[in-house]
Every structure is written in structure tokens, then in C-alpha cells.
Amino acid sequence: MKNVGEMQFSEVLAAVKELDAAPPDSAVSYKIAFLRNITADPIVPYLKYLCYRDCLKASVYMADFNIIMQEAVNPESGLYVGKPDIIVVALLLELLSEPLSRRFAALNAEQIDGEKSRVIEFLEGVITNIRKNSRSAILVHSFETPPYPAFGILDFQSHDRQTGVITAINSGLSEIASRAGNCYVVNMDSFAARLGSDRFADQRMWQVGKIPYTREAWKNLAAEYMKFIRAFRGKNKKCLVLDCDNTLWGGIVGEDGPEGIKIGKTWPGSCYRDFQLEILNLYHRGVILAVCSRNNEQDVLDVLDRHPEMELRREHFASMRINWKDKASNIIEIAEELNIGLDSMVFMDDSGMEVEMVGRLLPEVRAIHLPKDPSGYAGLLARCGLFDSLVHSEEDRNRGRMYRAEAQRKVFQKACDNVDDYLRSLEIRINISRADKFSLPRIVQLLHRTNQFNLTTRRHSEAVVSDFAGSSEYDVLSLQYEDRFGDMGIVGAAILLHGAEGSEIDSLLLSCRALGRKVEDLFLAECIRICSQRGEKHVTGIYAPTSKNMQVADFYENRGFEKTEVKDGASFFRFDLEKAAIAPPDIFKSVKVEI
Amino acid sequence: MEEKVKEIMSRVFETAIDEINDAASPDTIEKWDSLHHLFLVLALEEHFGITFSEEEIVEMLNYVLVIETLKKKGVK
């Protein structure tokens, strides 16, 4: 599919019409609903096109103009009927409060406070009602502070003039969103600043048709929504693969030597340094870094280990392929080593040829050609938004370090012969606990990211998991793994649903990193024991096949479950608690179960 | 230029290109409502790199007037 940046508006309209008529088989349905006091229709073709590019077939419900609270409070309204995946609340202050937006200079302090409270109360009412009536993710626009506010240059000098008041309303909105849960703010000021207010606002279209933004703004806004949609679906990229020469530093280390390459605080090395700092930002956000470079390995390692001006070091990279092989093969090896999908990788290189080749041979990898001018590198990475996620857990903070520890485990493994002996020597400590507010985000993240060892691949939202955790019918469990090489943090999650006579395993998953150590056997044994202790008579396991989880098709059957039926493609298995039990493996140093 | 305008109109109004002729107007073309008229404006502005005034937007209400307005703005 063509890049939307290369298409004109009418082309996008035509393309979407064709795709709607004959959507690709693999496209998954995605429902977007809008509440709005503006005409937002121009965004729809761009949004649908970008969704198709992400293999989503989007259907859009546009509530009537300025019918906000009525749709929000009524559980039977059109807003909720289709059970949308996301609800966008796109409001302009103009129609919510003419005094604050058009008559500000005439207001006294009491009137300002009154209007401010009224707007915030309105927002609270809308959002809490949406939250009460649906499980949809909510995306709400913040209010733009006017580029030329009511008091001109004076306006910016204190917090109680137009800019300050609108900023305070936006603060209130952020709080409302965070309290509601699964509700996120689209920062319109930042968005407008990136475009420039002249390219963002369209006064003629506003006057003639209540369309506040330019066509270009709608196109970019659709791309902004996609960052959220990708994050909700766990489709944000997880790994950045980098070339070295003229990417991480200026010059070619094989020719210029480590003293000759450009990296440091003065130009042109400063461009590469800023790029490295941006990459480090991603590292600390939990993105996995890898190197793929055509060089003699020692030349690159010398720079990573010893060059005084480098910000990135060997320890930051979870995998390295520095050799003379083609980059596509190397990237495949990196993906296999890290146990991640090609579709979660981004590759950046200054060479158009390398990028084109990888792009052609590995279409699932997002291959990006760095611009000619290295001063643009850092900005390109920051702008791409491919790694944007809505969670930043302790796990994310430590991911880089954990990959280092994993590399060390692999070296150690080569020395041990017998599998169980080897596992015992790891001194594995497992901690299984009930979900709490600290572990909940990580559990939700696992539900969304884990593809291979995932029996049912149910992508429950945070709101849903939180409900389960608070319900007496459900057990939401996390599994934490530590061994002598380090703490992996929470690597597994399970959701059990208990009924009158039997329990069901709604979700059971384990991060790839923790596989091959019988942790899954332990987890299953403990889940079964919990069901048994509740007096349940049987446990039902479900396997819902996907293209990525074939390895667990026989999981339940191989552990004493009996296959009972196949329904809608999913296989059901039954474990009779009155007749059998599962003994947990005895290779663990310690197993703590805190329920 | 007229060919391009017909192509853009056929896409915006979701109709066959041969339905776009000198008689084309909101009366003859089902999807030529106020919203799609504005879509047409956005598409023409983007393609020809021009900007219409509000008067031009509200007055160029059929195919003939659209072509006339574009010519007046120097579009070849």
C-alpha cells in the first residue's frame, strides 16, 4: 500500500472506497466512535486508510454535531451500540464556553472561575459517563491555547489570563482522564506547534463549515491517533536495529580508525551524539537495541568499549551482528536470538541500498532510511512514534539489563549437560501473587505483547483486568522470575474464572524469556491447586490458535487434560480435580505463592 | 485541467467520471452535499496549490462555476 504522504486527498478517498468494498482477508475489524462539537469528517478517510495499512478495517460512528452529554449518559445511544474499540472526544472550547474563548478580556475573576468550573464539570460528566457505560479506550483532545490570546503579550506573563486558564482546564482534563482509566489526552498544543498555527487552523473552513483544521492537520492528526491505536493493540515496535558507520558515528571505523570517527560534543560529532542520546531514551523506555553492521567485529567493539565520547556502550545492546553477511540474514538471526517477531523491529541505516534490500526481503521489518544530513537523525527517531506505548513499567526500565543477564545465562548453559541439573543450578526463585495496582500495568502489558506462549491471546484492556482483579469470581495472577543471574521481573500472567462447579483458565501466558525452564509447568500446577482449594470440581483449559502460538497447541493435553470439544476453532480441555493433580517440578530453589 | 477536475470530482462524489459534465451540480449528483462540497474544495486546493476565498467556496456550486473559478485564479 502506498504511503499516505505520497497521496492526495481524493486519491485517499478512492483508495478507501475500494478497500471498503473488498477488504483484505486478514484485516481485523476496528470500531472508532466520535463525540464532537466540530466537523471532523475530513479525518475519516485518512484514518481509515492508515488503519488499513495496519491491517485494520475501521468503521467510524460520528455522533451528531454538538450532541455530547446526551450520547454519553445514555447507555443505549448510538455511541455504545456498536461497542467501539475507541471513543474520540473532539471538543473545541469555542462552543463549550464562548466567554472563555471569545470574550475573555471582559470577564472578571469570579466569572472566569465560574466558567472554568463549569467546563471542567462538563468534561468530568462526559468522561465518567463514557467510562461507566463502556469499556472502550477514550481519546480526548486537550484545548488549544490560542496562538494570539486575549491579552496579547501580557497574557503569557501570569497564570490567570486566557492562556493560564485554558492550561488549568487542560490540567483538570488530565486528572479526569487518569482517574477514569484507559483514557488518554491528545495534546493539541504540541500537535499545533509541530505544524505551525498557520498550517494547523483553517479559519475559512471553520466559518463556512465548522471544520477547524486544515486538510494537512487532519492527515497528521490521523497519524497521531494511530500512535495510540498501535499502543492499545500492543503493536508498538519493540526493537531498534542500528547500523554503525555514519549512523551511530560519522565516518567509517574500518577506514578512519576509532580516533578518526566523528562523535562528541562538537559538530559534526554532536549530531551523532544527540542521536545516541535519543536512542538511549528509548533504551530506558524499554526498547530493545541491536547492532547490525558490516565491519570487523573488533573494530566496532573497540569503539563501543573504549571510545571516550560514546554514549552507547556494549551493555546497551541485547544483540549484535557485526560481520560481512547481508543485513537481512543478520536481522533474521537477531530476531531469533531475541525471540521476537520481525514485525516488532525497526531498522535504521544511512545507506539507501541496505534499507531498500531489507525492506524488500523482510517486508515485516520497518526499514527507515536516515536523511542525508545527520543533524536530522535525532528528530527523525523522536518523530516516528513507532515505539510509543502507554505503559512504562519497572520491567521496561530494566529490560536492557535483563537481556544482558540472559546473554550470560546462555554462556553458562553451554557448560551444563543434564537439563534438570542445569535448571537446578540456576537457583530459580518464583513468586506467584495476586495482581495489585503495581503489577497490574505489567500484567496488562503482557496480555497485549505476548504472542507465542499465550493460550488464548485475549487482549483484555486495563479496565477489564482491573475489574477481574476486584471480583471474587476471578483470580488475576502474576508470576515473577529470579535466578542467580538476575531478576527478570514479572514474566507470566494467568486469569482464572471460577464458577459454581468448575473453573476456567481465561488466560495463561509466559514471556519467551522464561520458557524452557519448566516455569509453565509450575504455573499451571499452582493454578490448578488454587482451583482445587476453592472446592472446584474441574478446570477447563482453552487453546485459541493464532499464527504465532502453535507451540502451545498440545500444552494442556500433554499435562493430563482431556480434550473435550472444538468450538469456533478453539479447543477445550478438561482437568478433573477429583481424579488427578499436577505435581509441580522440583527444580526450583524457592516457590512463593502469595494469594 | 478539466479532465483533472472531473477525476477529482468523481472520487469525492463517488460517481462515474462520465456523470461529471457541464450539467453536474448538487441537483444531479447525489453525494454533492455541503460536506462533500467542502471535501471538493480541499481536494482542488491541494491538487492545484491554490486557496479559495469564502465567497468562492460558497458560490462555485456547480461544475461550470468550478471551472470558471479555477480559470479566474489562473489555473491552466
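Two strands count as paired if DSSP finds at least two bridges between them. The exercises below apply to a predicted model.

**Exercise 1.** Determine in which sense β9 and β10 of chain A pair, and place the pair within its sheet.

*Solution.* Begin with the bridges: β9(A), residues 345-349, and β10(A) are joined by 4 bridges in the parallel sense, and the criterion asks for at least two. Within this pair, M348(A) stands opposite I368(A) of β10(A). Next, widen the view to the open sheet of 5 strands, whose order in chain A is β8-β7-β6-β9-β10 with parallel pairing. Because β8 (317-323) and β10 (366-369) of chain A each have a single partner strand, they form the edges, and one side of each lacks a neighbour in the sheet. From one strand to the next, the twist averages 20°.

**Exercise 2.** Identify which strands helices α14 and α15 of chain A meet, and at what angles they run.

*Solution.* Take α14(A), residues 269-285, which lies across β6 (239-242), β7 (288-294) and β9 of chain A and runs at about 150° to β6(A). Then turn to α15(A), residues 297-306, which packs on the sheet by touching β7 and β8 of chain A, its direction making about 140° with that of β8(A).

**Exercise 3.** Describe the contact between chain A and chain B, from its extent to its charged pairs.

*Solution.* Count the residues, which are 18 from chain A and 18 from chain B. The area buried between these chains is about 1,700 Å², with carbon and sulfur atoms giving 70%. Finally, examine the salt bridges, of which there are 2; in one of them, R204(A) partners E45(B), with the closest N and O atoms 2.5 Å apart, within the 4 Å limit.

Notes. Residues are numbered from 1 along each chain as its sequence is written. Chains are lettered from A and ligands numbered from 1 in the order in which they are written. This is a predicted model: local features need pLDDT of at least 70, side-chain atom pairs count only at pLDDT 80 or more; totals for chains, interfaces and linings use all residues. Side-chain values use heavy atoms; hydrogens and water are left out. Contact means heavy atoms within 4.5 Å. Buried area is the accessible area (1.4 Å probe) that two parts lose on being put together, summed over both. A salt bridge is a side-chain nitrogen of Lys or Arg within 4 Å of a carboxyl oxygen of Asp or Glu. Helices (H or I, at least four residues) and strands (E, at least two) are DSSP runs, numbered from the N terminus. Axes are lines fitted to C-alpha atoms, for helices over the stretch in contact, and angles run from 0 to 180 degrees between N-to-C directions.
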